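Colleague: I would like to go through the labels used for this model and hear what each one rests on.
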Amino acid sequence: METKHKTGVYISLEDVRKRFSTYDIRLKDKTSTPPVFDKASVLVPLFQLDREWHVLLTVRSKHLRSHSGLVAFPGGKQDSDDLDDIETALREAEEEIGLNPNEVEVISVLPGSFVRPNVMVTVVVGIIPYNFKPVINEHEVHKVFSLPLKRFLNDDFTTQEFEISGNQVQSYFFSDEVDGNTIVTWGFTASYCIYSAIILYQDYKKRHYGYTDKYVTLDCLWPEISFTNYFLTNYNSAKL
């Protein structure tokens with residue numbers, strides 16, 4: 001029997017800033033990405049509507065060479081002209097959905113994660129206007145939609161295990177009806193929607209993180225022994 005997460009308490013913008021700042025890697029020692037990885041950044045766009053926080057998501061174009069047709073945050077690979085990871089995320093969001101970088105308040109940069117085949121993705125969290133109207137770049141994006149962030153704390157998900165380099169990795173799948181169609185959010189995007197919801201709503205519910213025997217909670221969002229750290233410390237021998 002599925003359970004619905006209830007969040008009846010109003011969360012102000014100031015509270016959101018404070019809660020995400022706790023996990024901002026810009027306030028910690030910077031780690032370098034091994035040269036074997038390409039670098040990319042995504043933007044987690046949050047906005048408040050009717051006193052409830054939502055996340056803006058895209059469905060990638062079916063014509064793209066990688067991750068085509070999947071639900072994703074706006075974002076992409078870093079260009080040589082980009083000053084930093086934040087600029088990459090904001091530039092890509094503007095290119096994909098017409099989001100003006102000047103209208104984004106960046107409130108945190110979360111610890112990044114590995115995406116196959118060999119990309120390390122930095123995760124930038126930003127507040128956008130509640131009345132933002134996307135201008136879709138149809139070469140890259142098929143659809144733009146939003147969901148209440150708290151929906152990723154519900155138990156109406158399915159899971160699937162994958163084996164990567166001899167390790168069992170668990171992925172979450174969330175199904176939602178959007179404009180009469182079923183849209184499934186899973187993998188990297190679902191994971192960071194879960195993490196963002198845990199931070200925003202100060203939720204202590206356990207969720208698997210990477211390895212199926214590791215869990216993520218509010219007190220330990222990114223365990224020291226994590227799937228991504230495995231690749232970072234063993235990238236010379238890891239089978240990507």
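**Labels around one helix**

Modeller: Glu 95 has a relative accessibility of 36%, so it counts as partly exposed. The model is predicted.

Colleague: Why is Arg 91 called buried?

Modeller: Its relative accessible area is 15%. Buried means under 20%, so Arg 91 falls in that class.

Colleague: What makes Arg 91 and Glu 95 a salt bridge?

Modeller: The closest N and O atoms of Arg 91 and Glu 95 are 3.1 Å apart, and the cut-off is 4 Å. Both residues lie in helix H2, four residues apart, about one turn of the helix. Residues three or four places apart in an α-helix point the same way, because there are 3.6 residues a turn.

Colleague: Which other salt bridge does Arg 91 form with Asp 79, within one element or between distant parts of the chain?

Modeller: The side chains of Asp 79 and Arg 91 meet at 3.3 Å, N to O. This pair links distant parts of the chain, with Asp 79 in the loop between E4 and H2 and Arg 91 in helix H2, twelve residues apart. Asp 79 has a relative accessible area of 37%, so it is partly exposed. A network of salt bridges links Asp 79, Asp 82, Arg 91, Glu 92 and Glu 95.

Colleague: How do you know that H2 is mostly covered?

Modeller: Ten of the 13 residues of H2 are buried, among them Ile 86, Leu 90 and Ile 97. The cover over its buried residues includes strands E1, E2, E4, E5, E6 and E7.

Colleague: Why does Thr 88 count as buried?

Modeller: Thr 88 has 0% relative accessibility, and the limit is 20%, so Thr 88 counts as buried. Leaving out residues up to four places away in sequence, Thr 88 touches Ser 41, Gly 76, Lys 77, Gln 78 and Asp 82.

Colleague: How does the span of H2 compare with what is expected?

Modeller: H2 covers residues 85-97 and reaches 18 Å from its first C-alpha to its last, close to the 18 Å expected at 1.5 Å a residue. At its start, a side-chain oxygen of Asp 84 comes to within 3.2 Å of the backbone nitrogen of Ile 86. Gly 98 follows H2, with a positive phi near 75 degrees.

Colleague: What makes Glu 14 and Arg 17 a salt bridge?

Modeller: Their side chains meet at 3.0 Å, N to O, and the limit is 4 Å. Both lie in helix H1, three residues apart. With relative accessible areas of 37% for Glu 14 and 29% for Arg 17, both are partly exposed.

Note on methods
Residues are numbered from 1 along each chain as its sequence is written. This is a predicted model: local features need pLDDT of at least 70, side-chain atom pairs count only at pLDDT 80 or more; totals for chains, interfaces and linings use all residues. Side-chain values use heavy atoms; hydrogens and water are left out. Helices (H or I, at least four residues) and strands (E, at least two) are DSSP runs, numbered from the N terminus. The expected span of a helix is 1.5 Å times one less than its number of residues. Buried means under 20% relative accessible area, exposed over 50%, partly exposed in between (1.4 Å probe, protein chains only). Contact means heavy atoms within 4.5 Å. A polar contact is a pair of N or O atoms within 3.5 Å; within protein, one must be able to donate a hydrogen and the other to accept it, and residues adjacent in sequence count only if both atoms are side-chain atoms.
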